[in-house]
Amino acid sequence: MTSNGARSAFNGGQLPGEAKLSHLFQPGKIGKFTTTNRVKYGSCCVSNYNNRDGSITEREIERCRVIAQTGAGIITNQGSYPDELGEGKAYYRQTAIFHDRFIPQFERIAEMFKSNGAIAIQQILHCGRYGGIDIGYCLQPSTVPQTLPHFRPPREATKEDIKRVIQDYVDASRRALRAGFDGVEITSFMGYLLANFLSPFTNKRTDEYGGSLENRCRFMTELIYAIKAEIGSNPLVVRLNGAELMDRYGGSTEDECLEYMKIAADAGTDMISVTVGWQESPVSSIGRDVQPGYWARVSDRAKKEIPNVPIAFGNRLPDPRMANEYLGEGKFDFWEVCRPMLADPELLHKAREDRLEEKKPCVGCLLCLSRLFRDLPYICTVNAALGHEVEPEYHIKPPAYKKKIVVIGAGPAGLEFAATSAQRGHDVSVYEASDRLGGALAFLADADLANKQDLNDLIGHWEAVLKRLKVPVHLNTPMTAALFKSFDLTVDVAVVATGAEPDLKALPKPSQEGLVTTPGMILLGKASTGQKVVVIGGGKVGLTTAEHLASQGHEVTIIEATKRIAEDVMPTWKWRHTSWVEELKIKVLTKSRVKAIGDGGVTVVNDAGEETFVAADTVVASDPLKPRQELLHALEYMVDEVFIIGNAVSPRGIYNSIHDGYRLGCRV
């Protein structure tokens with residue numbers, strides 16, 4: 001059975017990329033349905049775009065419209081909590097499906113997904129250990145204390161509670177089908193209620209729902225049986241961990257996780273979605289420090305052991321080419337993708353058209369989770385339009401009239417602006433002082449201890465887009481007032497995207513020549529580095545520099561004025577830097593400022609007034625940073641419109657720069 005309009009998203013016909021990625025674009029099966037391709041859009045947790053009462057906003061509807069047009073053969077709508085008490089609710093603006101009054105909103109979403117050729121799946125999400133955000137407790141199989149203090153204290157579920165929760169799931173499943181969804185999904189991902197019953201860490205029960213592996217699976221099997229009895233031949237997807245990464249706390253082993261999948265398959269699930277990790281896990285599962293494809297081993301094992309049930313997988317698997325390869329090798333049946341399509345909703349279309357060099361990659365920075373875990377709507381570092389689809393000013397539309405624009409600086413802000421404004425139809429040219437695109441991001445990417453390719457692919461995206469749009473890029477061309485004046489008033493707009501630089505004048509004047517340098521000089525190989533290095537500043541630039549040098553065998557000390565390092569790093573990535581600092585034996589002096597530089601090192605004074613001398617052959621000044629704004633003032637009376645964006649406004653993160661560039665590009 002094929003869903004109605006199965007190829008409407010692609011307008012029929014084979015495009016060049018389909019032949020190259022033949023496994024990705026061949027039909028698949030889920031229950032009684034045939035899919036247009038082997039791509040399952042994952043639910044990607046929740047967006048937090050909705051109302052506190054669980055009702056859906058127009059902001060969410062417009063985001064779903066974008067999802068509907070991604071071209072995925074299966075689309076899973078974000079998780080909705082099924083209980084009126086709110087025990088299953090973990091996020092302030094999570095959608096609800098506990099009452100029939102919510103059905104009309106879900107009808108709009110299901111219709112969009114199906115009209116674009118997808119099999120529409122609604123995820124039902126009882127968050128268990130992380131739920132109860134409005135009621136002050138969470139429902140758990142046992143009263144195991146929280147390891148993270150911001151979650152609610154647990155209340156042990158009675159057998160009556162278990163029956164009630166299962167009925168809540170059944171009722172929610174019925175509502176999903178009434179709304180027009182083809183099937184439903186339940187999930188144990190990230191340590192939600194299903195995972196809590198499965199894991200020996202959180203399940204200490206001594207009745208029939210605890211103890212042995214089979215007993216811990218009883219809640220899951222009863223849930224599967226009850227939902228299947230309600231939805232009949234419509235598909236049920238069960239999302240299960242291939243690895244919990246909770247060994248420190250006595251969680252499930254990978255062998256046990258495989259047994260859970262087998263039991264789910266025997267109970268009648270129509271698809272198993274294999275995922276990795278809990279919120280409480282001390283091990284990274286989807287960040288940039290995990291090599292792409294690393295976790296495919298867990299789906300490969302599941303596929304070998306459970307050959308007759310479709311396996312979906314996509315953890316840290318951001319590239320369609322790699323997904324196609326693994327599909328061909330039989331490591332899974334469907335590429336389950338979410339964050340790569342948050343970053344670039346056109347990803348599949350670019351794959352089909354054989355222009356993946358233009359894909360805007362998910363860089364694995366986890367800004368989305370950093371926001372979500374602070375009860376904010378999630379946004380994306382590289383896709384400034386995410387969450388703003390309902391706002392006309394975030395759309396790329398033809399301009400009122402064509403302008404000639406000069407972009408000064410080819411860092412993230414300048415490149416994003418150039419690409420966006422050129423797509424609108426403006427005449428854009430870019431001037432860059434260095435010999436490559438990317439600004440500081442380029443040399444920091446090369447030094448990154450995580451996966452360098454993610455950041456380099458982002459620069460490659462801008463390069464490919466500007467090439468297609470025929471935007472001239474002038475490298476090794478520092479912009480000056482004199483050069484700009486030579487354009488003789490032919491330019492309508494100047495955009496200053498010159499970034500920031502270490503403010504060496506804000507530091508004590510060195511008494512020793514050649515001792516002080518900058519991260520750029522070091523990482524570009526333009527300055528020699530001695531064995532003992534002091535890095536001034538424990539922010540992300542200083543940390544990246546220090547980690548790189550320490551990994552090369554240098555003895556590194558970081559001097560940081562505040563009480564902790566990584567203050568400007570995204571919250572979900574701070575732990576990674578602190579662990580690298582520990583692993584690489586980098587010494588850190590916090591609440592300390594530099595008093596003097598020279599005589600073979602740095603004199604440091606802490607908050608208590610105590611002085612310390614740190615020997616150094618090289619001192620790297622990464623802090624403080626100052627914006628490069630000189631041209632802004634020089635150009636004020638040389639051009640009709642002049643703007644400043646990115647770190648040239650104020651030193652901030654990469655997402656601020658990209659969002660600055662996009663927003664200005666949409667409106668200039």
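1. Start with Q291 and its neighbours. Leaving out residues up to four places away in sequence, Q291 touches R316 and N451. Q291 belongs to the loop between strand 10 and helix 9, and at 45% relative accessibility it counts as partly exposed. From Q291 to L317 the C-alpha atoms are 8.7 Å apart, with the two positions 26 residues apart along the chain. Bear in mind throughout that this is a predicted model.

2. Next door in sequence comes helix 9, residues 296–305. Which of its residues are buried? They are A296, V298, S299, D300, A302 and K303, so D300 and K303 sit in that list because buried here means under 20% relative accessible area. The cover over these buried residues includes strand 9 (236–243), helix 8 (254–267), strand 10 (271–276), strand 11 (311–313) and helix 10 (320–328). On spacing, an α-helix has 3.6 residues a turn, so residues three or four places apart point the same way.

3. Now the cysteines. How many disulfides does a search of the whole structure find? One: C44 is joined to C338, with 2.0 Å from S to S. The torsion about that S-S bond is about -115°, so the disulfide is left-handed. The link ties together distant parts of the chain, 294 residues apart. C44 lies in the loop between strand 3 (39–41) and helix 2 (58–68), while C338 lies in the loop between strand 12 (334–337) and helix 11 (339–343). Both ends are tucked away: C44 counts as buried at 7% relative accessibility, and C338 counts as buried at 9%.

4. Two other cysteines are worth a look. C138 is in no disulfide, and its nearest cysteine sulfur, in C127, is 11 Å away. At 0% relative accessibility, C138 counts as buried. Why is C368 not bonded to C44? The sulfur of C44 is the closest cysteine sulfur to that of C368, but at 6.2 Å it is too far for a bond, the cut-off for a disulfide being 2.5 Å. C368 also counts as buried, with 9% relative accessibility.

5. V144 deserves a point of its own. Is it buried or exposed? V144 is buried, with a relative accessible area of 11%, and its place is the loop between strand 6 (138–140) and strand 7 (154–156). Setting aside neighbours within four places in sequence, V144 is in contact with R129, P154, F201, T202 and K204. D182 makes a contrast to those contacts: it is 38 residues from V144 in sequence and 37 Å from it in space, C-alpha to C-alpha.

6. Stepping back to the whole chain, there are 22 helices and 27 strands. The C-alpha trace spans about 75 × 60 × 45 Å along its principal axes. A compact globule of 668 residues would have a radius of gyration near 26 Å, and the 27 Å of this chain agrees with that. Of the 668 residues, 61% count as buried.

7. On contacts and surface: among contacts between residues at least 6 apart in sequence, 72% join residues at least 24 apart. The chain exposes about 25,500 Å², and carbon and sulfur atoms supply 50% of that area. As for charge, there are 78 positive and 83 negative charges, and their mean positions are 1 Å apart.

Definitions and conventions. Residues numbered from 1 in each chain as written. Predicted model: local features only at pLDDT ≥ 70, side-chain atom pairs only at ≥ 80, totals over all residues. Heavy atoms only, no water. Helix = DSSP H or I, 4+ residues; strand = E, 2+ residues; numbered from the N terminus. Rg over C-alpha atoms; globule rule 2.2 N^0.38 Å. Buried < 20%, exposed > 50% of the residue type's maximum accessible area, 1.4 Å probe, protein only. Contact = heavy atoms within 4.5 Å. Areas by Shrake-Rupley, 256 points an atom, 1.4 Å probe, with all protein chains shown as cover. Lys, Arg positive; Asp, Glu negative; His and termini not counted. Charge placed at Lys NZ, Arg CZ, Asp CG, Glu CD.
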